[in-house]
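Me: I am new to this structure and would like a close look at a single part of it. Please take one residue, describe its surroundings, and work outwards from there.

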Amino acid sequence: MKTVTLPIAYMPLVDAAPLVVAQEMGFAQAEGLELDMIAAPSWSSLRDMLAFGRVDAAHMLSAVPIAMALQMGGVTRPLSAAAVLSVNGNVIGISAALEERLRAQGHDFAFNNAKDAGRALAQAAHGRLTVGVPFPFSMHAELLHYWIAATELSSCDIDVQTVPPPLMTRAIAEGEIDAFCVGEPWGSMVVEHGVGGLLLPGKAIWSFAPEKVLAVRAEWAETEPLLLDRLVRALWRACRWLSQPDSRLTAAAMLARGDVLDVPEEVIDRALSGRLTISRNGDQRHCPGFVEFHRGAANFPWRSQAKWIGEQLAVRTGLDRFAAREAAAQSFRSDQYRRALAGTGADLPGASEKVEGSLSAPTPVASGGGGIVLEGDGFFDGRVFDPYGE
Amino acid sequence: MAEPLTIVVVEQDRDRALQIIDALKASGSYDVQVIGNVSGLARKIAAFEPDVVLIDIDNPSRDTLEELTIASGPMERPVAMFVSGAASDLTRTAVEAGVSAYVVDGLAPERLMPILDTAVARFQVMRQMRSELAETRRALEERKIIDRAKGLLMKVKGIDEDAAYALLRKTAMDQGKRLVDVAGALLTATDLLS
């Protein structure tokens with residue numbers, strides 16, 4: 001097989017690990033691919049690089065292909081999400097001032113109860129809160145809005161602003177924002193700089209939220225199906241490698257390098273191990289499954305996940321939610337994922353949609369090989385999302 | 001005669017901002033505003049009610065501009081990155097030059113073209129200068145590594161500078177590696193063993 005060089009863009013985050021691992025551990029090479037990794041300065045730049053053909057694939061926020069399908073944002077060009085690269089992995093954090101007030105109120109910082117944390121934060125906020133998220137179309141924004149709507153925070157005046165992840169520490173230090181929802185390592189870096197603390201993992205809001213996807217131009221997926229298949233397989237194997245406990249330290253070392261994240265290994269390991277330091281005092285909390293790269297069929301792009309995101313975006317911007325569901329479902333390409341992995345021994349689920357939020361514990365489901373156990377995917381308020389329901 | 005268009009340029013570097021203003025003013029009659037401090041960027045931009053926003057593609061604060069693409073009220077004017085129809089090629093050129101333009105929906109392409117042409121030309125020059133600067137810095141860094149490796153060889157093996165350089169060079173050629181990589185490996189190995 002002739003080696004093909006594939007330009008691929010990523011944002012410097014812990015969950016860019018599948019791309020770094022695919023290249024560094026030889027999974028790409030085994031599929032005859034050389035990944036030319038290009039770090040993007042912002043999500044909009046990454047999207048433009050992909051849309052205008054500077055790169056052929058990207059590590060992308062799961063909500064971006066869906067927003068583009070709904071004609072939202074500066075550039076709208078059809079993208080395909082051919083695989084999910086990671087599930088969960090965000091944190092909600094607060095300024096040092098709010099942290100003090102929460103402590104004074106007697107909040108336990110249990111780091112696993114979104115209902116309690118919402119109530120406590122609403123009380124501490126005195127009615128007003130400015131919250132930073134990395135991008136208007138992101139799981140960060142969706143989780144935040146979902147959490148606000150379903151807790152006492154709904155009675156506060158909340159302003160959600162866009163703050164690029166590496167600038168989150170500065171924004172919280174300068175009082176531009178009171179709280180944030182961001183991907184690692186940037187939440188932990190706020191704690192490292194002593195300007196704030198962590199309140200909740202994203203997982204405490206939705207326990208199986210698709211975070212980053214492998215995105216390609218829809219038209220490229222049609223003209224280069226074999227290349228796409230090779231890329232999906234290489235990334236799938238990288239994700240499987242990442243899910244093995246023995247890989248953790250090696251992965252942290254790879255990501256820590258100056259040309260990738262340039263952040264201490266120990267800080268990166270917090271996300272990978274799920275052992276997060278939540279305050280300046282060094283308090284730690286354990287959150288199993290803080291970020292999932294593979295377990296529980298994490299890489300499968302469920303059309304129902306896309307529909308959930310589409311519906312949330314539609315409700316917020318006043319679009320028809322049923323039309324939005326259908327448009328969104330077209331951008332999560334479970335068909336392309338199945339084609340790429342057919343015959344590799346990868347076990348594939350029998351269905352391409354599920355009722356999101358219906359599993360409260362790991363559950364075996366029908367699959368080609370009979371070996372898939374899905375992780376719990378509940379929402380903190382117990383609601384479920386039926387992709388065909390009202 | 002239509003009202004002059006309002007252009008907001010987001011640029012933290014004062015000299016670069018002045019260059020862009022000069023270039024724009026030379027190409028037409030525009031009301032040009034510069035925002036240097038990016039905190040609260042979306043709010044500041046909204047206050048100017050601009051027709052066009054120009055920003056460096058490499059500026060991480062660019063993401064805050066995406067908020068402007070969602071009109072949140074009937075009085076707000078949505079903006080889009082200019083991609084429609086014939087201007088698609090122009091947008092691609094702009095992306096390659098390193099500038100992104102956010103434009104109020106419905107602005108006539110013939111009014112936008114001269115602005116974008118000017119911005120593209122200016123950004124290309126600045127990008128060129130930046131990459132030359134980066135290249136110079138990199139060359140300097142490599143020079144330092146090679147010099148340290150040479151010094152080490154001179155001390156340990158008791159040879160002169162030319163011989164040390166020749167040894168590094170030969171090793172690099174034998175191993176099919178870059179001189180600086182061999183020098184770097186030598187320094188790392190020495191650090192480990194010391």
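Reply: The residue chosen here is A:P134. Leaving aside residues up to four places away in sequence, A:P134 touches A:W43, A:H140, A:V163, A:P164, A:P165, A:V182 and B:D63. The model is a predicted one, and the description below should be read as such.

A:P134 sits in the loop between strand 6 and helix 7 of chain A. A:P134 counts as buried because 29 other C-beta atoms lie within 10 Å, where 20 or more are required. One of the residues it touches is A:V163; these two are 29 residues apart along the chain, yet their C-alpha atoms are separated by 5.1 Å.

The elements around this loop come next. Strand 6 of chain A covers residues 128-133 and strand 7 of chain A covers residues 157-162. The two strands run parallel and are joined by six bridges. In one of these pairings, A:G132 has A:Q161 of strand 7 as its bridge partner. Between the two strands the chain passes through helix 7 of chain A, residues 139-149, and this β-α-β crossover is right-handed.

On the other side of strand 6 in the sequence is helix 6 of chain A, residues 114-125. Helix 6 has twelve residues and reaches 16 Å from its first C-alpha to its last, close to the 16 Å expected at 1.5 Å a residue. Its buried residues are A:A114, A:A117, A:G118, A:A120, A:L121, A:A124 and A:A125. An α-helix has 3.6 residues a turn, so residues three or four places apart point the same way. The buried residues of helix 6 pack against helix 5 (96-105), strand 6, helix 7 and strand 9 (196-201) of chain A. After helix 6 comes A:H126, with a positive phi near 55 degrees.

Strand 9 of chain A, one of the elements that helix 6 packs against, is mostly covered, with six of its six residues buried. Strand 9 pairs with strand 5 of chain A, residues 90-95, in the antiparallel sense over five bridges. Within this pairing, A:I92 has A:L200 of strand 9 as its bridge partner.

The contacts of A:P134 also include a residue of chain B, B:D63. The contact between the chains takes 21 residues from chain A and 22 residues from chain B. On the chain B side, the elements that give two or more residues are helix 3 (62-65), strand 4 (79-81), helix 4 (88-97) and strand 5 (99-104) of chain B. Helix 3 of chain B gives the largest share of that side, three residues. By class, the side of chain B that touches chain A has nine nonpolar, seven polar and six charged residues.

Finally, the cores. The largest nonpolar core has 146 residues, and those with the most contacts inside it are A:I8, A:A58, A:A83, A:L214, A:A215, A:V232 and A:L235. Helix 11 of chain A gives the most to this core, ten residues. That helix runs over residues 225-242, and its span of 26 Å is close to the 26 Å expected. Of the 18 residues of helix 11, 14 are buried. A:V232 touches A:A82, A:A83, A:L214, A:Y337, A:A340 and A:L341, again not counting residues up to four places away in sequence. Apart from the largest core lies another, of 30 residues, including B:V38, B:L68, B:V103 and B:F123.

Note on methods:
Residues numbered from 1 in each chain as written. Chains lettered and ligands numbered in written order. Predicted model: local features only at pLDDT ≥ 70, side-chain atom pairs only at ≥ 80, totals over all residues. Pairing = 2+ DSSP bridges. Helix = DSSP H or I, 4+ residues; strand = E, 2+ residues; numbered from the N terminus. Right-handed = clockwise from strand over helix to strand, strands pointing away. Expected span 1.5 Å × (residues − 1). Buried ≥ 20, exposed ≤ 12 C-beta atoms within 10 Å, placed from the backbone. Contact = placed C-beta atoms within 7 Å. Nonpolar A, V, L, I, M, F, W, Y, C, P; charged D, E, K, R; others polar. Core = buried A, V, L, I, M, F, W, Y, C linked by C-beta atoms within 7 Å.
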